[in-house]
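Here's a quick tour for anyone meeting this structure for the first time. Have a look at the model, then read on.

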Amino acid sequence: MSDITVLGIFVADISFSGNKLPSTGETILGDSYNVGPGGKGCNQAIAISRLGGKVNFISKLGDDDYGKLAINKLKKDNIDTSNIIISNKHKTGVAGIHVDRNTGKNAITVVRGAPSSLTINEIDTNLFKQSKIFLTQLEIPIEVTLHCLKAAKEYGLINILNPAPACKLSNDFFKLVDYFTPNETEAEFYTGIKITNEKEAKLAAAKLIDLGIKKIIITLGEKGLFYSDGKEEIFLKATSVKAIDTTGAGDAFNGGLAFGLSKKKSIKECLELANKVAGLSTTKLGAGDAMPYIKDLS
Ligand code: ADP
C-alpha cells in the first residue's frame with residue numbers, strides 16, 4: 001500500500017558540468033559528469049521516498065540497459081516498481097543536460113522513449129484505491145494524464161498537477177486539480193502574465209483560480225514561491241544555499257509537497273518543507289541523485 005502514487009517518466013540523465021553553457025557550434029571542456037535517474041516523475045518519486053514516504057511509480061521503460069538502471073535505482077530508493085511496464089518495442093528515455101556550475105542553470109534535451117507510447121488501457125486505475133495523493137506532470141501522453149486525474153478524483157485522492165513542460169490544457173483538466181504547481185515560465189504560459197514580482201504572481205494565481213483550480217503554488221526559483229487558494233496567500237523566500245545545479249529543483253519541491261500533504265501537515269508546513277527539500281536539491285549535481293534524505297533536513 002502506497003500513500004502516494006506518481007505517474008511520470010524515467011529518463012537516464014547524463015549531466016555535464018562546466019564553466020558555462022556551450023553556445024551553438026561551440027565545444028567546451030567540462031569538469032565533471034553524472035549519469036543518474038531523471039524525468040520529472042522519477043525525481044518526484046525519489047524525493048518522496050527519501051523523505052520517508054511510501055510511493056508507487058507508474059511508468060513505462062524499454063527492455064534495455066537504461067531500463068535496468070531505472071529499476072535498480074528505484075528499488076534502491078524503496079519505490080514500488082510493480083506498476084512499471086517494460087516494453088520490448090521501445091527504448092528507455094535519455095536526457096542530455098548541460099549545467100553552468102557558476103549559476104546552477106541548465107539547458108536540457110529530453111527524449112522520452114517508452115512512456116510516450118503509454119496508453120489508457122495499460123493503466124490499472126484500481127491502484128488509486130490504495131493511495132491518498134496522486135502526483136503527475138505533463139511528460140506522459142495527455143489523454144493518459146487526464147484519465148488518471150479523473151480516476152484519482154473518483155477515488156477521493158488529492159490531485160497535484162505539476163504542469164511541466166507547459167502545454168495547452170482543456171478546461172476538463174483544471175477542475176480535477178487540487179494543487180497546480182507551475183514555475184514562473186509555466187505560470188506565464190497558462191496566464192499570459194509575466195511574473196517578475198509578488199504582485200504579478202498574485203495576479204497570475206487569481207487567473208488560474210478563475211479556471212477552476214483549487215490551490216496554486218507558483219515556484220519562483222531562487223526567489224522562493226507564492227501560494228494562493230483565493231483566500232489565504234503565502235509568500236516564502238527560497239532557502240539560502242549555494243546552488244550548483246538547479247535541475248530537478250521543481251521536482252524536489254513537488255515531492256516535498258506531496259509528502260507533507262500525505263502526512264496531513266498544514267499548508268504552511270507543507271510549503272516550508274517543500275521549499276527546504278528543493279533548496280537542498282540544488283546543492284548537488286544531478287536530478288534524482290540530488291534529492292535530499294529526511295536526515296539532511298534537520
Ligand atoms: P523548476 O525547477 O521547475 O524550474 P523553480 O526554478 O521555480 O522550478 O524551483 C523550484 C523551487 O526550488 C523553488 O520554489 C525553490 O524552493 C527552490 N529553488 C530553486 N532555485 C533555488 C536556488 N537557487 N536557491 C534555493 N532554492 C532554490
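## The pocket and its guest

Helix H7 makes the biggest contribution to the lining of the largest pocket, giving five residues. Before going further, keep in mind that this is a predicted model.

So much for one helix; what about the pocket itself? The largest pocket has a volume of about 1300 Å³. It's lined by 50 residues, and those closest to its centre are Asn 183, Thr 246, Gly 248, Ala 249 and Gly 250. Sort the lining by class and you get 19 nonpolar, 21 polar and 10 charged residues. Besides H7, the elements that each supply at least two lining residues are strand S2 (11-18), helix H1 (40-50), strand S6 (92-100), strand S7 (106-113), helix H5 (184-191) and H8.

Where does the ligand sit? You'll find it in the largest pocket. Two elements give two or more residues to the shell around the ligand: helix H7 (249-262) and helix H8 (267-281). H8 has the largest share of that shell, with three residues.

In total, 16 residues surround the ligand, and the closest are Asn 183, Thr 219, Gly 221, Gly 224 and Asn 275. Asn 183 also turns up among the residues closest to the centre of the pocket. By class, the shell around the ligand splits into six nonpolar residues, nine polar ones and one charged.

Now for some polar contacts, each made by an oxygen atom of the ligand:

| Residue | Partner in the residue | Distance |
|---|---|---|
| Thr 219 | N or O atom in the side chain | 2.8 Å |
| Gly 221 | polar backbone atom | 2.9 Å |
| Asn 275 | N or O atom in the side chain | 2.6 Å |

How much of the ligand does the protein bury? Taken alone, the ligand exposes 560 Å², and the protein buries 83% of that.

## Two backbone oddities

Let's leave the ligand and turn to the backbone. Most peptide bonds are trans, and most residues other than glycine have a negative phi. Which residues does a cis peptide bond join? They are Ala 164 and Pro 165, with omega at about -5°. Pro 165 lies in the loop that runs between strand S9 (158-161) and helix H4 (171-174).

The other one is Asn 78, a residue other than glycine whose phi is positive, near 60°. To find Asn 78, look in the loop between helix H2 (65-76) and strand S5 (84-87).

Note on methods:
Residues numbered from 1 in each chain as written. Predicted model: local features only at pLDDT ≥ 70, side-chain atom pairs only at ≥ 80, totals over all residues. Heavy atoms only, no water. Near = heavy atom within 4 Å. Polar contact = N/O pair within 3.5 Å; in protein donor to acceptor, adjacent residues only side chain to side chain. Areas by Shrake-Rupley, 256 points an atom, 1.4 Å probe, with all protein chains shown as cover. 1 Å grid on protein atoms, 1.4 Å probe; cavity = no way out; pocket = protein on both sides within 12 Å on 5 of 7 lines; lining within 4 Å. Sits in = over half its atoms within 2 Å of the grid points. Helix = DSSP H or I, 4+ residues; strand = E, 2+ residues; numbered from the N terminus. Nonpolar A, V, L, I, M, F, W, Y, C, P; charged D, E, K, R; others polar. Points joined across faces, edges and corners; volume = space filled by probe spheres on them.
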